[in-house]
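Subject: Structure handover and findings

Dear colleague,

I am passing on the structure we spoke of, with the sequence alongside. Please open it first, and then read the notes underneath with the model in view.

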Amino acid sequence: MRTAELFEHKTVFSLEVFPPKPDADESVIYDTLEQLSDIKPDFISVTYGAGGGKNGCKTIQIASDIQNKYGVESVAHLPCIDLSRAQAKEILDHMCECGIENVLALRGDRTDHSTADGDFRHASDLIQFISDNYDLNIIAACYPEVHPESSSAIDDLKWLRHKVECGADHLISQLFLDNRYFCDFREKARIAGINAPIEAGIMPVTNKRQIERMVKLCGVELPKKFVRVLDKYENNATALRDAGIAYAIDQITDLIAEGVDGIHLYTMNNPYIAHRIYEAVQSQITVPVH
Ligand code: FAD
């Protein structure tokens, strides 16, 4: 099923996982998926490391298994920063052969593994390539606190609208910890004529180092009340985990009341945390939206 069709009747609740590292025990991701599929999410998306080589094969294999073994819709991420058109075609053909209908088309970031010398400069180039050549549902990323490379919020919105005009059917946001950024961004996106469903990306923060890394990488602001929680419990892993879960539940409750199209939970491959959050918000998600 194409994910863009999910938004008509309910608040979409989706999950994100990442493939195991090349030397890790592969059975762990399948235990994780088994537990996550109990939640019956609307879909599970699988990340793809830019320049990841074999990691990309795992993305497609896992996305295919999510559909075929666990009966849950899946989305395969695809960063294009170092892909040639021929490589993109090979990967997209393989996705179609595996029955994957949904692709999250991304630019990706320059990493130690990526050369950034592909045929696509921006995600919009890949989105156009997919719409011209495939019958796939296309998802794109968006940034409530503005992409760190953008010169302004207006510029970022202009390019987001371009991604939708090139064929993106559904958007998923970067994580944020202050809902005001998301609500302002959504309002401006609608004014700019961006009408595709926008899911809010929520990351339950359960580890101080993890969030410090994300802040540096994504330019996300840490609200004062969040910093107080981090400081108070930084040396107590259980208290910090529980406070991070409570914070995420509070964010989701507020977003659903604001009429968000969907919640995309960055699970960090932790089914325990995903279950606790889902159980707390389940009844709110299933309330019909119309
Ligand atoms: P783009 O849409 O290309 O935007 C990048 C910058 O260029 C922005 O500043 C934008 O305003 C600008 N821009 C866009 N189009 C144009 C244009 N035509 N002309 C001029 N400027 C333009 N990375 C991975 O490697 N693997 C993953 O699996 C992955 N999953 C992600 C999932 C989500 C939900 C999100 C939010 C991000 C994910 N990322 C992933 C990270 C992503 O690759 C980075 O944030 C990257 O820096 C930007 O990707 P993009 O697709 O948004 O790029």
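What follows goes from the whole chain to the cysteines and then to a few residues in loops.

Please bear in mind throughout that this is a predicted model. The protein chain holds 10 helices and eight strands. Its radius of gyration is 18 Å, close to the 19 Å that the globule rule gives for 290 residues, so the chain is as compact as a globular protein of that length. Measured out along the principal axes, the C-alpha trace spans about 50 × 45 × 40 Å.

As for packing and surface, buried residues account for 51% of the 290 residues, and of the contacts between residues at least 6 apart in sequence, 80% join residues at least 24 apart. The accessible surface of the protein chain comes to about 14,000 Å², with 49% of it belonging to carbon and sulfur atoms. The chain carries 29 positive and 44 negative charges, and the mean positions of these two sets are 6 Å apart.

Turning to the cysteines, a search of the whole structure finds zero disulfides. Cysteine 57, for instance, is in no disulfide, and the nearest cysteine sulfur, that of cysteine 98, is 10.0 Å away. For cysteine 183, the closest cysteine sulfur is in cysteine 142, at 13 Å, which is too far for a bond, given that a disulfide requires the two sulfur atoms to be within 2.5 Å. Cysteine 183 has 16% relative accessibility and therefore counts as buried, the cut-off being under 20%.

Three loop residues may also be of interest to you. Tyrosine 48 sits in the loop between strand E2 (43–46) and helix H2 (54–68), and with a relative accessible area of 12% this tyrosine is buried. Its C-alpha atom is separated by 6.0 Å from that of leucine 78, although the two residues are 30 apart along the chain.

The other two concern backbone angles, and the background is that most residues other than glycine have a negative phi. Lysine 40, in the loop between helix H1 (27–37) and E2, has a positive phi, near 55°, and lysine 40 is exposed, with a relative accessible area of 67%. Methionine 268, which is found in the loop between strand E8 (262–266) and helix H10 (271–285), likewise has a positive phi, near 50°, while its relative accessibility of 35% makes methionine 268 partly exposed.

With best regards

Conventions: Residues numbered from 1 in each chain as written. Predicted model: local features only at pLDDT ≥ 70, side-chain atom pairs only at ≥ 80, totals over all residues. Heavy atoms only, no water. Helix = DSSP H or I, 4+ residues; strand = E, 2+ residues; numbered from the N terminus. Rg over C-alpha atoms; globule rule 2.2 N^0.38 Å. Buried < 20%, exposed > 50% of the residue type's maximum accessible area, 1.4 Å probe, protein only. Contact = heavy atoms within 4.5 Å. Areas by Shrake-Rupley, 256 points an atom, 1.4 Å probe, with all protein chains shown as cover. Lys, Arg positive; Asp, Glu negative; His and termini not counted. Charge placed at Lys NZ, Arg CZ, Asp CG, Glu CD.
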